[in-house]
Amino acid sequence: MDSSQHIAVLDDEAEITRLLADYLQGHGYRVTQVHAGRALLDLMADDPPALVLLDLGLPGEDGLTIARQLRERWRCGLVIVTGRGDSVDKVVGLEIGADDYVTKPFDLRELLARVKAVLRRTAAAAPAAPAPAAADRPRLRFAGWEIDVAARRLLDARGSEVALTSGEFDLLCAFAQNPGRVLSRDFLLELTRGREAAPFDRTIDVQVGRLRRKLEANADDPQLIKSVRGAGYILVAAVTASGS
């Protein structure tokens, strides 16, 4: 099995990890079951999965801390699967950088659809032909920032990479490919998550807030990505493209 299809499931309940492993393996994925944060971090170092299904309610451990460690050290898909349905927990999980948030009890078919959507966004392309030279890759530039679309990298004015989650990168590309255009939350949610939004879904607001903290000199007074009351968001900076 291709390593890009490797999924790790972390939950302290073996019955749940077995259920998920059996179901996902039945759909062609390679699944590793782990039951503690340390075991997951060891797996990330030895055989990193393309996506992690993470329970927050781990005895003696803070699931959000584990999620934060994943985001700081690895580029993998992250779907929180937890019994915590409180909106505050969901917002915190998304703030940390989770690509999706699923509450228990869950429908296995819906979970599979979400896993597939996240993997589509995060899987690195691995073409048989040599990768294109850097000069041939499409790049978008605005306000001192540069997006290397093919490599899925954001570079600052000094050429240093700024870490983005897959959702943040997709969102930024949507803005950079539509400069000066007001993009609605529904449009952005469908584009970046590939699923129907639940009523009052705050995912886009959370991700825009994270992007602002990484792009703006003052996230509380954004000058690049502006809010349009009742309509959505707009990237006001001019964007130039090269290498496409």
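## Helix α2 and its cover

The buried residues of α2 are covered by elements that include β1, β2, β3 and α3 (63-73). This is a predicted model. The buried set in α2 consists of G37, L40, L41, L43 and M44. Viewed along the axis of α2, these residues fall within an arc of 155 degrees, so they line one face of the helix. The other side of α2 carries the exposed residues R38, A45 and D46.

## The parallel sheet

Five strands form an open sheet with parallel pairing, in the order β2-β1-β3-β4-β5. Its edge strands are β2 and β5 (100-103), and each of them pairs on one side only. Neighbouring strands in this sheet are turned by 20 degrees against each other on average, direction ignored. Helix α2 (residues 37-46) packs on the sheet and touches β1, β2 and β3. The direction of α2 makes about 165 degrees with that of β1.

Inside the sheet, β3 and β4 (residues 77-82) run parallel and are joined by 4 bridges. One pair can be named: L53 has V79 in β4 as its bridge partner.

## Helix α1

Does the length of α1 fit its residue count, and what span should the helix have? Helix α1 covers residues 14-25, which is 12 residues. At 1.5 Å a residue, the expected span is 16 Å. The end C-alpha atoms are 16 Å apart, which agrees.

I16, T17, L20, A21 and L24 are the buried residues of α1. Down the helix axis they fall within an arc of 130 degrees, so they line one face of α1. An α-helix has 3.6 residues a turn, so residues three or four places apart point the same way. The buried residues of α1 pack against β1 (6-10), β2 (30-34), β3 (51-54) and α5 (108-122). Exposed E15 and D22 sit on the face of α1 turned away from the buried side.

## Q33 on strand β2

Q33 lies in strand β2. With a relative accessible area of 33%, Q33 is partly exposed. Its C-alpha atom is separated by 6.0 Å from that of A8, a residue 25 places away along the chain.

Beyond its neighbours within four places in sequence, Q33 is in contact with V9, A14, T17, R18 and A21. Two polar links can be named for the side chain of Q33. A polar contact of 2.8 Å joins it to the side chain of T17. The side chain of Q33 also reaches the backbone nitrogen of R18, at 3.3 Å.

## Loops flanking β5

G97 is in the loop between α4 (87-96) and β5. Its relative accessibility is 0%, so G97 counts as buried. Leaving aside neighbours within four places in sequence, G97 is in contact with R71, T165 and R210. The C-alpha atoms of G97 and E72 are 9.5 Å apart, with their positions 25 residues apart along the chain.

P105 is in the loop between β5 and α5. The peptide bond from K104 to P105 is cis, and its omega is near -5 degrees.

## The antiparallel sheet

A further open sheet has 5 strands with antiparallel pairing, in the order β9-β8-β7-β6-β12. β9 (161-162) and β12 (240-242) stand at the edges with a single partner strand each, so one side of each has no neighbour in the sheet. β6 (residues 139-142) pairs with β12 in the antiparallel sense over 3 bridges. L140 stands opposite A241 in β12. Helix α6 (residues 166-176) packs on this sheet and touches β6, β7 (145-148) and β8 (153-155). The direction of α6 makes about 110 degrees with that of β7.

## Positive phi in two loops

A143 is in the loop between β6 and β7. Its phi is positive, about 50 degrees, although A143 is not a glycine. At 51% relative accessibility, A143 counts as exposed, the cut-off being over 50%.

R152 lies in the loop between β7 and β8. R152 also has a positive phi, about 55 degrees, and is not a glycine. Its relative accessibility is 27%, so R152 counts as partly exposed.

How values were computed:
Residues numbered from 1 in each chain as written. Predicted model: local features only at pLDDT ≥ 70, side-chain atom pairs only at ≥ 80, totals over all residues. Heavy atoms only, no water. Pairing = 2+ DSSP bridges. Contact = heavy atoms within 4.5 Å. Axes fitted to C-alpha atoms, helices over the stretch in contact; angles between N-to-C directions. Expected span 1.5 Å × (residues − 1). Buried < 20%, exposed > 50% of the residue type's maximum accessible area, 1.4 Å probe, protein only. Arc of directions from axis to C-beta. Polar contact = N/O pair within 3.5 Å; in protein donor to acceptor, adjacent residues only side chain to side chain.
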